[in-house]
Amino acid sequence: MPASRRGSGSITLPSGQTLAIHTRTQDEEGLPHATKRTMADHLRKFESLFTLTPQRMRMITEAFSETLELGLKKPGQVVPMIPTYVFGWPTGEEVGDFLALDLGGTNLRVCLVSLKGNGQFEITQTKYRLTEEQKQEDGENLFDFCAECLKTFILTNMDSIVEQGADEEGVKEDGATVAAATAQAAAGESEGGGALIKPGQELALGFTFSYPCAQERIDHGELIRWTKGFGAPNTEGRDVAEMFRKALSKHDLPIKLTALINDTTGTLIASHYVNPRTKIAVIFGTGCNAAYMEHVSEIDKIAHLGIDPKADMAINCEWGAFDSFEHEHLPRTPYDIIVDQTSNKPEEQAFEKLISGRYLGEILRLVICELIDEGVLFLGQNTYKLDEPYCFDTAFLSLMESDPTDELLMVIGIFTHFFALETTLAERQFFRALARLIGRRAARLSACGIAAIVQKMGYLDEGCSVGADGSLYNKYPGFADRVHEGLIDIFGEKGKNIVTHHAEDGSGVGSAIIAAMTKMRKDAGIYPNV
Ligand code: BGC
């Protein structure tokens, strides 16, 4: 068993100072545990650290609203309020076949989306898991991987994508090109009915790249900073659309990158496509962010582009950056500060670090480690497995919160199975209560962000739907209810007018709709240069 930084008993240092240590030994029986009373006492301290009063929420909302306004006025603000060049809402009548590539925090997904009109669509997709190494490797390798996955997807779904009977001249020697595969398909099984493009034509691709990118046009995006633990060098400050195009050019693929979009923008458009009451989209997953539709006349920083001020444009807020660097508005605990300082991006994404799925488990782990060091938890046991940063998955918080048993069997399971630790009932109740505090704070802060947009856009009286997606929103028990409670705490009864709902697939369907909208706009000659 690896040595633990914790032991059992006490040692006296040469300085005369005495340190208490605690280690489990094989023959130890009847392990000492903290009493229920002690755990309840500790809980009170964490309740006051992690609880947000309605008054505090209203103050945060106010500051948030001002930050959003500032981001629209001046370029280069902490919350960058990125103009997306997605103009107005979809009509629901967008039709056609589009590819969507989605580089999220955890997976890479390739989709073929058939928009049928009337808010209807069909989707075929494949997911590829991203390794931790890929997130830190040179950016060019990451985009090469994206292009290779796209190629695999096209080759696999060739029959339905490229019309058969390709021009023989297009067939290359290596047999691995799309043209070659097309010829193979022509010689083989499928009839080829329903193919989407003819040889020589290109299929439009929407690339969902869910990191903050400053855009000058819809098919351009300079990465401002990596978030969600990504750190691939040689990418920040560069146009990722161009990097991807370069990777794509290494393969013989009939694809044109039409739009670079953020997952929130895709979610906004896809949710409105099926539910026109949707005015705001939010993602609460590995990262967190929001998008909404703004009047061009309000986006002072792009006034020089001469776009019709009466037009509307989606804004990707990148609100995860709220209160970064200055840390003036958000109530950070000592655990949040450790999460921040030990992250690959200290000081950045301050709001996201209190909310998103990437960090909640780590916050709880840090509280537990502190209590172990204070000799409060797991007395006499070897706790080395909990020393590993990020070993406590946010999914464990969800599981603990939804444990229906009096004995909290799920909590027993998590600690014995993953950390080889025995727990008392008092400890388990404490862990569950702690998960509740951390999960509830995340939801209430999320409500502040939504409220800031609602307030800024004046949606409170008429009400609106908020399309929401991401693992936290979809899987964390009670997350949506807590957001709704938070909105009532901020706005009173009127807060009930703002309702979140599970969004349509923004990164796949949304991306395809945006590709369709862009194609229609450009074909019609509307703002052809952006
Ligand atoms: C990124 C956003 C993204 C959000 C949700 C954040 O870390 O900065 O661009 O929308 O995660 O995926």
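# Briefing on a predicted chain and its ligand

Just after helix 14, Gly 458 takes a positive phi of about 65°. The model in which this glycine appears is predicted. Its chain has 17 helices and 15 strands, and 56% of its 530 residues count as buried. The points below go from the whole chain to two helices, two single residues and the ligand.

**The chain as a whole**

- The accessible surface of the chain comes to about 21,900 Å², and carbon and sulfur atoms account for 50% of it.
- Among contacts between residues at least 6 apart in sequence, 72% join residues that are at least 24 apart.

**Helix 14**

- Helix 14 covers residues 425–457, which is 33 residues. At 1.5 Å a residue, these should span 48 Å. The end C-alpha atoms are 48 Å apart, so the expected span and the model agree.
- How many of the 33 residues of helix 14 are buried? The count is 28, so helix 14 is largely enclosed by the rest of the structure.
- A residue counts as buried when its relative accessible area is under 20%.

**Helix 4**

- Helix 4 runs over residues 139–156 and has 18 residues. Its expected span at 1.5 Å a residue is 26 Å, and its end C-alpha atoms are 26 Å apart, which agrees.
- At the start of helix 4, a side-chain oxygen of Asp 138 comes to within 2.8 Å of the backbone nitrogen of Glu 140.
- The buried residues of helix 4 include Leu 142, Phe 143, Phe 145, Leu 150, Phe 153 and Ile 154. Asp 144 and Lys 151 are also among them.

**Asp 336**

- Asp 336 is found in helix 9, which covers residues 334–341.
- Is Asp 336 buried or exposed? Its relative accessible area is 2%, and the cut-off for buried is under 20%, so Asp 336 is buried.
- Leaving out residues up to four places away in sequence, Asp 336 touches Pro 331, Leu 354, Ile 363 and Arg 441.

**Thr 394**

- Thr 394 has its place in helix 12, residues 394–401.
- Thr 394 has a relative accessibility of 10% and therefore counts as buried.
- A polar atom of the Thr 394 side chain lies 2.5 Å from the backbone oxygen of Gly 357.
- Gly 357 is also one of the residues that Thr 394 touches, when residues up to four places away in sequence are not counted. The others are Tyr 359, Leu 360, Gly 361, Leu 472 and Tyr 476.

**The ligand and its surroundings**

- Which residues are closest to the ligand? Of the 15 that surround the ligand, the closest are Thr 227, Asn 262, Asp 263, Glu 318 and Glu 352.
- The shell around the ligand divides into four nonpolar, seven polar and four charged residues.
- Helix 8 (263–274) and strand 12 (288–295) each supply at least two residues of this shell.
- Thr 227 has a polar side-chain atom 2.7 Å from an oxygen atom of the ligand.
- Ser 210 has a polar backbone atom 3.3 Å from an oxygen atom of the ligand. For Tyr 211, a backbone N or O atom lies 3.3 Å from an oxygen atom of the ligand.
- Taken alone, the ligand exposes 320 Å², and the protein buries 98% of that area.

Technical notes. Residues are numbered from 1 along each chain as its sequence is written. This is a predicted model: local features need pLDDT of at least 70, side-chain atom pairs count only at pLDDT 80 or more; totals for chains, interfaces and linings use all residues. Side-chain values use heavy atoms; hydrogens and water are left out. Helices (H or I, at least four residues) and strands (E, at least two) are DSSP runs, numbered from the N terminus. The expected span of a helix is 1.5 Å times one less than its number of residues. Buried means under 20% relative accessible area, exposed over 50%, partly exposed in between (1.4 Å probe, protein chains only). Contact means heavy atoms within 4.5 Å. A residue is near a molecule or strand if one of its heavy atoms lies within 4 Å of it. A polar contact is a pair of N or O atoms within 3.5 Å; within protein, one must be able to donate a hydrogen and the other to accept it, and residues adjacent in sequence count only if both atoms are side-chain atoms. Accessible areas come from the Shrake-Rupley method with a 1.4 Å probe; for residues, only the protein chains shown count as cover. Ala, Val, Leu, Ile, Met, Phe, Trp, Tyr, Cys and Pro count as nonpolar, Asp, Glu, Lys and Arg as charged, and the others, Gly among them, as polar.
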